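Me: I'd like a close look at one part of this protein, the sheet that the first helix lies on, and then a sense of how the rest fits around it. Here is the model.

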Amino acid sequence: MELAKIISVIEKTAPLSIAAGWDHSGMQVAAERTQIRHLALCLDPTPVSIGRALDLGADMVLSHHPLSLSPRFPDRLDNYHAVLRLLLRADVPLYASHTSLDANPDGPSGWLVRKLGLAGVSVLETTGVFHDSAGQEREAGFGLAGRLPAPRTIAEILAAAGVEHARLVGADPACRVERVAVCPGSGGSLAGLAAAAGAQLLVTGDLKYHDALDAPLPILDVGHFSLEERMMRLFSEELHEALPEIDVSFVPSTDPFTVCQPFSTSVPEDQHEPLS
């Protein structure tokens, strides 16, 4: 299939017109090839993810996060250099749907909103407009807020997100809420808009310490990885249906953070040093 045709299908869900002005969505690494037989999707374009995609036989890679928000010379032997080397050697293009995907409320970025059954959904921060599948003009942007069918505890919402561990600010896990805002990735800056929209809880990731101190509503920080990894898996399933002429694969990523148990600092009684 023509590379341009595949990009046009991707951009039906993730149009560049609704991406943030500071973002670098779109083509990341160009290639001479114009015919694509196998598209691989991943969350992060790391050397490991790109290597796995190439091992699967992919001749195009679609990532969520850009290779770099500030493109530069490959003047260091780092991950940026390694990814460029892998892609250029294989003549495989890399395309990123970053905020262009985040900002579509009907796209896979809104999967948790739909799973929770939120009604009366509104966009917190508008980035533009797009036309939905029915041709209707819709508001696009970051963060969605709406009303649950019935009050649920924060612990139940965490379970619905499929996340085992999270940080909670400003509430007890047993607290029940009815209005919820969701922003995959880093959405701590939307806390004020979420509160203004009447949300009683914001579900997001990458919450900074001082933002937590000043939070105007309870925030459930599930980490940057969890919601977006699921989002890209769903996007791969959608593209598999939309592009039956080619193979579409999903390359799982690994959360760079792990949960550590407290390390033991106790010393056996018979090994204590005597006081002098």
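Which strands form the five-strand open sheet, and in what order do they stand? Please take me through that sheet and what packs on it.

Reply: Quick housekeeping before the tour. This is a predicted model, with local features kept only at pLDDT of at least 70 and side-chain atom pairs only at pLDDT 80 or more, while totals for chains, interfaces and linings use all residues. Residues are numbered from 1 along each chain as its sequence is written, and side-chain values use heavy atoms, leaving out hydrogens and water.

Now your sheet. The order is 1-4-3-2-11, and the pairing is mixed. Strand 1 (26–29) and strand 11 (247–250) are the edges; each has a single partner strand, so one side of each has no neighbour in the sheet. On average, neighbouring strands here are turned by 25° against each other, ignoring direction. For the vocabulary: helices (H or I, at least four residues) and strands (E, at least two) are DSSP runs numbered from the N terminus, and two strands pair if DSSP finds at least two bridges between them. Axes are lines fitted to C-alpha atoms, for helices over the stretch in contact, with angles from 0 to 180 degrees between N-to-C directions.

For one pairing to click on, try strand 2 (residues 38–42) and strand 3 (residues 60–63). They run parallel and share four bridges, with Leu41 opposite Leu62 of strand 3.

Next, the helix on top. Helix 1 (residues 3–13) lies across strand 1, strand 2, strand 3 and strand 4 (94–96), at about 15° to strand 3. Its buried residues (buried is under 20% relative accessible area, exposed over 50%, partly exposed in between, using a 1.4 Å probe and protein chains only) are Leu3, Ile6, Ile7, Val9, Ile10 and Thr13. Looking down the axis of helix 1, these fall within an arc of 160°, so they line one face of the helix; the arc is taken from the directions from the helix axis to the C-beta atoms. Ala4 and Lys12 are exposed, on the face turned away from that buried side. The cover over the buried residues includes strands 1, 2, 3 and 4, plus helix 4 (99–102) and helix 9 (224–242). Contact here means heavy atoms within 4.5 Å.

Right beside this is a residue worth a zoom: Ser25, in the loop between helix 1 and strand 1. At 16% relative accessible area, Ser25 counts as buried. Its side chain makes a polar contact with the side chain of Asp23 (2.5 Å), and also reaches the backbone nitrogen of His98 at 3.1 Å. A polar contact is a pair of N or O atoms within 3.5 Å; within protein, one must be able to donate a hydrogen and the other to accept it, and residues adjacent in sequence count only if both atoms are side-chain atoms. Leaving aside residues up to four places away in sequence, Ser25 touches Leu16, Ala19, Ala96, Ser97, His98, Thr99 and Ser100.

Leading into strand 4, the loop after helix 3 (79–90) holds Asp91. Asp91 isn't a glycine, yet its phi is positive, about 55°. At 24% relative accessibility, Asp91 is partly exposed.

Helix 9 takes us over to the other sheet. Besides helping to cover helix 1, helix 9 lies across strand 8 (176–186) and strand 9 (201–205), at about 80° to strand 8. That second open sheet has six strands in the order 5-6-8-9-10-7, again with mixed pairing. Strand 5 (119–131) and strand 7 (167–169) are its edges, each pairing on one side only. Strand 5 runs antiparallel to strand 6 (residues 137–153), joined by nine bridges, and Ser122 has Ala145 of strand 6 as its bridge partner.

Zooming out, the protein has nine helices and eleven strands, and 47% of its 276 residues are buried. Of the contacts between residues at least 6 apart in sequence, 64% join residues at least 24 apart. If you're wondering about cysteines, Cys183 is buried at 7% and Cys175 is partly exposed at 32%; a search of the whole structure finds zero disulfides, a disulfide being a pair of cysteine sulfur atoms within 2.5 Å.
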